[in-house]
Every structure is written in structure tokens, then in C-alpha cells.
Amino acid sequence: MTTILLFAALGLLAVLFLIVLTATAYQRSELRPNYEAIGLGAATNFFDTLGIGSFAPTTAYLKLRKLVPDSYMPAVLNAGHALPTLVQALVFIHLIYIDPLLLLGCIAAAVNGALIGTQLATKVATRHVQWMVGLAMLIAAALYAATNLDLLPAGGDAFALGGAKFAVAVMAHLVLGMLMSFGIGLYAPSLVILSLLGLSPTAAFPVMMGACAFLMPISGMGFVRSRRIDLKVVIGLAIGGVPAVMLAAYVVKQLPLAALRWGVVSVALYTALLLLRSAAKSRRVARVPASPN
């Protein structure tokens, strides 16, 4: 019953998000997708489904190709990957059992965190966004490296958490939902936290993807209406991403990903340095006093 209700809620959310996205894009004459973003969405969401993550490589590509201003990054990431992530959640919630109470608790917490974070992310100065996304890239690089070096917790064999562990998991996803609004991906830190609490890594996948599948369209609707977003890129990411998720989940299923993770580490570090340098420059400019008239 829980699965059916979640599927119904995700389907309704997908329809609402599509209506808001297409209506807003039509009003702004941005319905035609960015064709480069279609390829980017296909590549990043394909590997995201296999466990690589989409935020770090997407941020790196957008920054290196200068497809959008730095301040647009959180909005483009959350709105552009919303529909592909929703499809991922449908697949993994169907395939893997997880305690319904834990799943619902983490999803609700992450959504509430994202609602708070979205209000902040659309208002803060560009240099603050650059700092946040730059630090997010450093964290992502560290997590990718730790995964390849087998330094992350292996996790337990539980498919449910109770008592204090349940409370910690829920509160952690409230914070992670807030951070998602600034471009800090939820998958890797969620997996680490749940594994430390003794949850099976397999059971963590529906939690991670379910939380993102709800919070990204909800926060994405707020981002879509903001002015710091490129809807052509968002639509391109979605068009490329949805079929790529299906291909990865049902056809390819698994690839040797260690070498690719090292590549992402290198690109993430380079992009982080670019973003942090831009933020530092913006801060210095802001401190320069205006010349007297």
C-alpha cells in the first residue's frame, strides 16, 4: 500500500512539475531545449543511476563550458535533474524493500529542508552561491575518492532503524534537503550516514532516491519561477536524462565505475578551484570602496 501511495504521489508531482516548467518556459520563450544539455543530461543521469551521482559532473560541465552563470547552478541542478531522479525513485522503490516508516520520514524531512533552502538559495549573493557550490564540489571529490579507496563505511544488514537511530536519520535528511538547494548532492552523504547507522547500503538507495524524487520537483517549482535559471538547459537535462535512467536501470545495470570516479574527482577538484577563485575575486571587488564623485 505504501508503495502504491508513493507511486501515485510521485506521478502527481511529475505532472505538476511539468505544468509549471512548460508554462513558465512558454511565457519566457524558452521552450526549445539546449541541445548540448540533452547530451549532458543523458550522460550524467545514466551514471547517476549506476551510483556515480549527477550534481558534481553536471556542475563541472556547466562551469567549464560556461553554459549558465554560477549563480544559476543550484536552480539548474535541482530543476533539470528533477524528472530523471523521479524516474530513478520509481524504479528503486519498486525493486528494493525498505521500512516504509523510515522511507517516509526521511522523504518528509528532506522535502521540508529543501523548502527552507530554496528560499535562501534564490536570494543570496552570487559569491555566496559560488562558495557553497565550490565547497560542494570539494566534498563530492572527497567522497568519490573515499569510495574508490574503500574508506566509506560498509554498512550493516538492517532494512529498518528504530529509536535514536531513526531520529538521527530523519534529522540528517532535513539538513541534507537544505543543502541540496545549494547544489550539494544528497546521495553520497545520505549513503554514508545511513551506513554508519547500520542500514544496508542496498536499502539506502530507495531512501536517497525517494527523498530526492520528492524534494527536487517541489523545490524545482520554486526555482523554475525564479529569474536565476536557464529553462532551456533545464528542459535539455530532463529530456536527455529520463531515457538514460531507464537504459541504465534495465539494460546496462552495472559498469566498472572506479576509473570514471577518479576522472570525476579530478574534474570536481578543478571546478571547485575555479568556483572558489571566482568567489574570492567577487569578495575582493565588493570590498573595494567606491570612488568619490
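How much of the chain over residues 166-197 is helix, and how far apart are the end C-alpha atoms? In this predicted model, that stretch is 78% helix and 0% strand, with its end C-alpha atoms 9 Å apart. Set beside it residues 231-252, which are 100% helix and 0% strand and have end C-alpha atoms 30 Å apart. Both ranges come from the UniProt record, an unreviewed entry, which lists them under "transmembrane region" together with residues 72-94, 101-122, 128-146, 203-224 and 258-276.

Let us stay for a moment with the 166-197 stretch. Helix H9 covers residues 187-196, and its buried residues are Tyr187, Pro189, Ser190, Val192, Leu194 and Ser195. As a reminder when reading such a list, an α-helix has 3.6 residues a turn, so residues three or four places apart point the same way. After H9 comes glycine 198, with a positive phi near 100°.

Positive phi values also turn up away from glycine. Most residues other than glycine have a negative phi. Serine 29 is not a glycine, yet its phi is positive, about 55°. You will find serine 29 in the loop that joins helix H1 (2-27) to helix H2 (35-49), and it counts as exposed because its relative accessibility is 62%. Lysine 66 has a positive phi of about 55° too, again without being a glycine. Lysine 66 sits in the loop between helix H3 (55-65) and H4, and at 72% relative accessibility it is exposed as well.

The loop from H3 to H4 also holds valine 68. Is valine 68 buried or exposed? Its relative accessible area is 6%, so it is buried. Setting aside neighbours within four places in sequence, valine 68 is in contact with Leu62, Met73, Val76, Asp230 and Val233. The C-alpha atom of valine 68 lies 15 Å from that of glycine 134, a residue 66 places away along the chain.

From here, step into helix H4, where alanine 79 is found. Alanine 79 has a relative accessible area of 1% and is therefore buried. Beyond residues up to four places away in sequence, alanine 79 touches Phe17, Gly220, Val224, Ile229 and Val234. Its C-alpha atom is separated by 10.0 Å from that of aspartate 230, although their positions lie 151 residues apart along the chain. Aspartate 230 has already appeared in this tour, as one of the contacts of valine 68.

Just past the end of H4 is histidine 81, in the loop between helix H4 (73-80) and helix H5 (82-95). Why does histidine 81 count as buried? The reason is its relative accessibility, which is 0%. Which residues does histidine 81 contact, leaving aside its neighbours within four places in sequence? They are Thr44, Asn45, Ser54, Phe55, Thr58, Val76, Met216 and Leu237. Val76 is worth noting here, as it is in contact with histidine 81 and also with valine 68.

Another loop to look at is the one between helix H6 (100-121) and helix H7 (126-148), where alanine 125 has its place. Alanine 125 is partly exposed, because its relative accessible area is 30%. Its C-alpha atom is 8.0 Å from that of serine 71, and the two residues are 54 places apart along the chain.

Serine 71 brings us to the empty space inside the model. Rolling a probe the size of a water molecule over the atoms shows where empty space is left. A search of the whole structure turns up one cavity of 30 Å³ or more, and the largest cavity holds about 40 Å³ of space. Its lining consists of Ser71, Pro74, Ala75, Ala121, Thr122, Phe223, Ser226 and Arg228. By character, those lining residues are four nonpolar, three polar and one charged.

Finally, consider the cysteines. How many disulfides are counted? The count is zero. The sulfur of cysteine 106 has its closest cysteine sulfur in cysteine 212, 11 Å away, and that is too far for a bond because a disulfide needs the two sulfur atoms within 2.5 Å. Cysteine 212, in turn, is in no disulfide, and its nearest cysteine sulfur is that of cysteine 106. Cysteine 106 is buried, since its relative accessibility is 0%, and cysteine 212 is buried at 2%.

How values were computed:
Residues numbered from 1 in each chain as written. Predicted model: local features only at pLDDT ≥ 70, side-chain atom pairs only at ≥ 80, totals over all residues. Heavy atoms only, no water. UniProt positions renumbered as here; feature names shortened; annotations may be inferred. Helix = DSSP H or I, 4+ residues; strand = E, 2+ residues; numbered from the N terminus. 1 Å grid on protein atoms, 1.4 Å probe; cavity = no way out; pocket = protein on both sides within 12 Å on 5 of 7 lines; lining within 4 Å. Points joined across faces, edges and corners; volume = space filled by probe spheres on them. Nonpolar A, V, L, I, M, F, W, Y, C, P; charged D, E, K, R; others polar. Buried < 20%, exposed > 50% of the residue type's maximum accessible area, 1.4 Å probe, protein only. Contact = heavy atoms within 4.5 Å.
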